[in-house]
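Here are my notes for you to read alongside the structure. I have set them out as numbered points, so feel free to dip in wherever you like.

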Amino acid sequence: MSAPAQVTVVPRKRRTTELALLAFALGIGLAAYAVVDLNVLGAVSPRFGVVAGVGAALVLAAHLAVRWRLPYADPVLVPCVVLLNGLGLAMIHRIDLINDPPLAGARQQLIWTVIGVALFVAVVLVLRDHRPLQGYTYTIGLAGVVLLLLPLLPGLGVEKFGARIWIEVGGYSFQPAEAAKVLLAVAFASYLVEKRDVLALAGWRVLGLDLPRARDLGPILLMWLVSLAVLVRQRDLGTSLLFFGLFVMMLYVATERAGWPVLGTLLFAVGAYLGYQLFGHVRVRVGAWLDPFSDYDAYYQVINAQFGMAWGGLLGTGLGEGRPGLTPLARSDFIAAALGEELGMTGLMAVILVYGLVVARGLRTALQCREPFGKLLAAGLAFAFALQVFTIIGGVTRLLPLTGLTTPFMSQGGSSLVCNWIVVALLLVVSHQARKPVVTVAPLDPDAQTTQLVRVPAAGAGARA
Amino acid sequence: MNRPIRRVAFVAMLMFALLLANGTYMTLFRTESLAAEPQNRRVRDAEFAQDRGAILAAGKTEIATTSPSDDRFRYQRSYPAGSLYAPVTGFYSYDHGSTGVESTHNGQLAGTADALFVRRLIDLATNRAPQGASVQTTIVPAMQEAAARALGDQKGAVVALDPRTGAVLALVTSPTYDPNDVASHRIEEAGAAYDRLAGAEDRPLANRAAREIYPPGSTFKLVTAAAALADGKRPDSEVDSPDELTLPGTKTVLPNSTNCGGTRVTLTQALEVSCNTAFANLGLELGQDKLREQAQAFGFDQRHLADLNGVASQFPDDLDDAQLALSAIGQFDVAASPLQMAMVTAGIANDGVVMDPYLVSMVQAPDLKPLSTHEPTALSEAMTPENAAALQQMMVETVASGTGRNGAIAGVEVGGKTGTAQSDPSRKPFAWFTSFAPADDPQVAVAVVVEDADIPRQDIAGGRVAAPIARAVMEAGL
């Protein structure tokens, strides 16, 4: 990578491929919606026309905006997201129909999708280049932390389902952590790019690891404390894990020092142990994970999600033919269980693979990107996405203790959907910048140069550890 | 920064691989145990919503049927004759499981039995709702109706067997219940109905015919008589029959409840008037082992009628002489189900061969192809044909001129034995009657028990209360 890039590779734009993939993804989502209607009601509901029209219009708008403003952006990301969003809508519609009269969850989710795509288009049209964001490191970071801690404000924050992660204004509730995720990813990226030389300076060598100097530990300890505050005061395991994981991972990528993730993992282990010892809700989650049948009433939700997925088996009962309504919160936290029941383990795995594709495309963007801020931002957003999917689907399938996170693009909920569409817009912006042909060939790769600067004082093979 | 990003990508890949591996593990190894959890409503609801096969009485009378229903369960189980066949069909409920044939033949009725495997595959491929097999029982509606009518509101049970095959012809227990109440799709009402039945003092859910045991009283003298005949006694052998017998080793006096007709009577005479002291002496003479062996040859200490999960009747172990004397006349800890006493009578009537009782004669696939058929099988040879013929004749005398006169049918020779049993002095005695007919070609054997027979303790009670019921059943069966 240190070799100066003399040959300019011009990637193909592949916008028409994207359009074809989008049509395919939209088709799957709409087909799922229609199958739900056919299986539950016996006929396609009149609302299907509206859903199909709005869906097609949204897909077209997103595509045209990308085609016009970000022609070199990754062509697979948006189709994947459209597929997930569409399947999520169909599943929410299916759960709506359990109730008599049906709930309006899908309608709301469709409205949120419209807002999400509108913001996506806005970011694509207005931003076009992510680098200016680097100028607002502290503003954005502060805004992120404030948002994250906002639910703790009395009078504003509300507690639902045992977690205090919502704020409610004028009847509208919102999960600020979702927006904080985007803001903090941007802020971390630009802060760490700025400070990475300092943070990469080795302190002590312990067991072959370069540990940072005590006075450089500040940021990670601060982030750890914020995460603990989230865990303690908001009772939100998922968000706490997500932010700390995101921060440690970006610290590692920025400094290239394995000491950071090791230290981060240790700190996380300490936090998790304290959490387990001190808080009943953490113990409940762990208990439901290890042995849910020890207490049927307490672990009712986890047990019923297992029943649902077992009932679906390998191929699923078919959309509309299962009993996802028996699992509480099937439309939000446990939408993966509903998918597992009606689409089977095969369907759930297909969905997991589509998430994997999104993550892979995000990380690929990070690798392609030619400047550190974009690299770090794309890698951070992609990893946070992966961590979130892993945590929530792993929780629902009893791979891990359950944490209350949303399943991106699928769970019912406006804050999550809108913010994730913005994440995709940011990834596309970075991807466009990474893939577009460079007009002037730089004599030296700036990335290689900075790396060189770091390595000289570090002296020795240990720097590569 | 590309190297750490690649490592992060590896970690992300690992996370997704773990999710997929865990999904595979769940599907392969957790599905079955999850489906077997009793709280799994999906499985329970699916079973409850099945097109369950019918249960039929002999002929084409449907005693449990399934019809389409337009609520959340697609099919409703119903029992057209209400409570009449409840002791046979049992019930099929949402919250309280199932009993009777509904329970013992659940796999076939639900269509999940292994024998229906291929059929299930075809149903799956052709997208047809799976249908359960139907179960054909041996109950004869006319006899069942007669037994229920004759027993009426009295607490008790009636069992009628075909002595030649062991087929259960009628099986009635009272008080009973309407299984429709418990099978209702209005789950709360069904639950309330169940709670009411389960809590009721006179236990309407109890199957008194096959799943309860009672002191058999004097009807057990048939077993003692069979043991005596096997031991070399003849119907005209004489036995000591004092008016009172002081039980060996105690000061307790066993009186006769009827006049034995002398202090030394023949075996036939002793059975005819149900002479307690004569049979107690016989028991002491034979010893407990011979008595127990004879009881076991008739089927005591074994469970019968798996179709209804029948219980075993008891003949106690380690008796002292006083207990042995009482056991020989069906008191002390001897306890028998009405089914068991019907088996004793049927064995005697069938020239000593006890047939294995059964209730389900055939299981039929939805296309009417028989999946399994019951072949009558002998359980044991309890008596030699000669001894059986002798005992048959003694029982005929009992009906003709002894305590069993109320069991007689005009124009038909009937053999029978009365019994009245009281193991607990505070309770009203149980009235028994067990019989077979016709004597020259036995086609039906019946045992009747009536709890709380409101009559002073004497052997005539079985004849007064229980014999007319047996007669009604025999008449319906001939």
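**Notes on the model**

1. Let's start with a charged residue in chain A: Arg131(A) is partly exposed, at 37% relative accessibility. Its side chain forms a salt bridge with Asp129(A), and the closest N and O atoms are 3.0 Å apart. Please keep in mind as you read on that this is a predicted model.

2. Salt bridges come up again in chain B, where Glu102(B) and Arg52(B) meet through their side chains at 2.9 Å, N to O. This pair links distant parts of the chain: Glu102(B) sits in helix 4 (residues 100-104) of chain B, while Arg52(B) is in the loop between helix 2 (41-48) and strand 1 of chain B, 50 residues apart. Are the two partners, Glu102(B) and Arg52(B), buried or exposed? Both Glu102(B) and Arg52(B) are buried.

3. Another pair in chain B makes a nice contrast to look at. Glu189(B) forms a salt bridge with Arg186(B), with the closest N and O atoms 3.0 Å apart. Here Glu189(B) is partly exposed, with a relative accessible area of 47%, and Arg186(B) counts as exposed because its relative accessibility is 54%, the cut-off for exposed being over 50%. Over all chains, the salt bridges come to 21.

4. Now to the place where the chains meet. The contact draws 52 residues from chain A and 34 residues from chain B. About 3,900 Å² is buried between chain B and chain A, and carbon and sulfur atoms give 71% of that area.

5. How many salt bridges are there between chain B and chain A? The count is two. Asp45(B) forms a salt bridge with Arg323(A), where the closest N and O atoms are 2.5 Å apart. A network of salt bridges links Arg323(A), Arg41(B) and Asp45(B). As general background, side chains of opposite charge can pair when their charged atoms come close.

6. Some overall figures for chain B may help you find your way around. Its secondary structure comes to 17 helices and 17 strands, and the C-alpha atoms of chain B fill a box of roughly 115 × 50 × 40 Å along the principal axes. Of the 478 residues of chain B, 56% count as buried. Chain B exposes about 19,000 Å², and carbon and sulfur atoms supply 50% of it. Among the contacts in chain B with a separation of 6 or more, 68% are between residues 24 or more positions apart.

7. Strand 4 (residues 134-137) of chain B is worth a look. Ser134(B) and Gln136(B) point one way from the strand, Val135(B) and Thr137(B) point the other way, and all are buried. Strand 4 of chain B pairs in the parallel sense with strand 1 (residues 55-56) of chain B, over two bridges, and in the antiparallel sense with strand 12 (residues 360-364) of chain B, over four bridges. To find these pairings on screen, look for Gln136(B) as the bridge partner of Leu56(B), and for Val363(B) as the bridge partner of Val135(B).

8. Why can strand 15 (residues 415-421) of chain B be called largely enclosed by the rest of the structure? Seven of its seven residues are buried, so the description follows. Gly415(B), Lys417(B), Gly419(B) and Ala421(B) point one way from strand 15 of chain B, and Gly416(B), Thr418(B) and Thr420(B) point the other way. Strand 15 of chain B pairs in the antiparallel sense with strand 16 (residues 430-437) of chain B over seven bridges; in strand 16 of chain B, Trp432(B) is the bridge partner of Gly419(B).

9. Back in chain A, Val182(A) lies in helix 6 (residues 176-200) of chain A. Val182(A) counts as buried because its relative accessibility is 9%, and buried means under 20%. Leaving aside residues up to four places away in sequence, Val182(A) touches Cys419(A), Ile422(A), Val423(A) and Leu426(A). Val182(A) and Leu377(A) are 195 residues apart in sequence, with their C-alpha atoms 9.7 Å apart in space.

10. A last point concerns the surface of chain A. Val270(A), Tyr273(A), Leu274(A) and Leu278(A) make a nonpolar surface patch of about 400 Å². Of these, Val270(A) is found in helix 9 (residues 259-278) of chain A and is partly exposed, with a relative accessible area of 41%.

How values were computed:
Residues numbered from 1 in each chain as written. Chains lettered and ligands numbered in written order. Predicted model: local features only at pLDDT ≥ 70, side-chain atom pairs only at ≥ 80, totals over all residues. Heavy atoms only, no water. Buried < 20%, exposed > 50% of the residue type's maximum accessible area, 1.4 Å probe, protein only. Pairing = 2+ DSSP bridges. Patch = residues over 30% accessible without salt bridge, like charges linked within 9 Å, V, L, I, M, F, W, Y side chains within 5 Å. Areas by Shrake-Rupley, 256 points an atom, 1.4 Å probe, with all protein chains shown as cover. Salt bridge = Lys/Arg side-chain N within 4 Å of Asp/Glu carboxyl O. Contact = heavy atoms within 4.5 Å. Buried area = accessible area lost by both parts, 1.4 Å probe.
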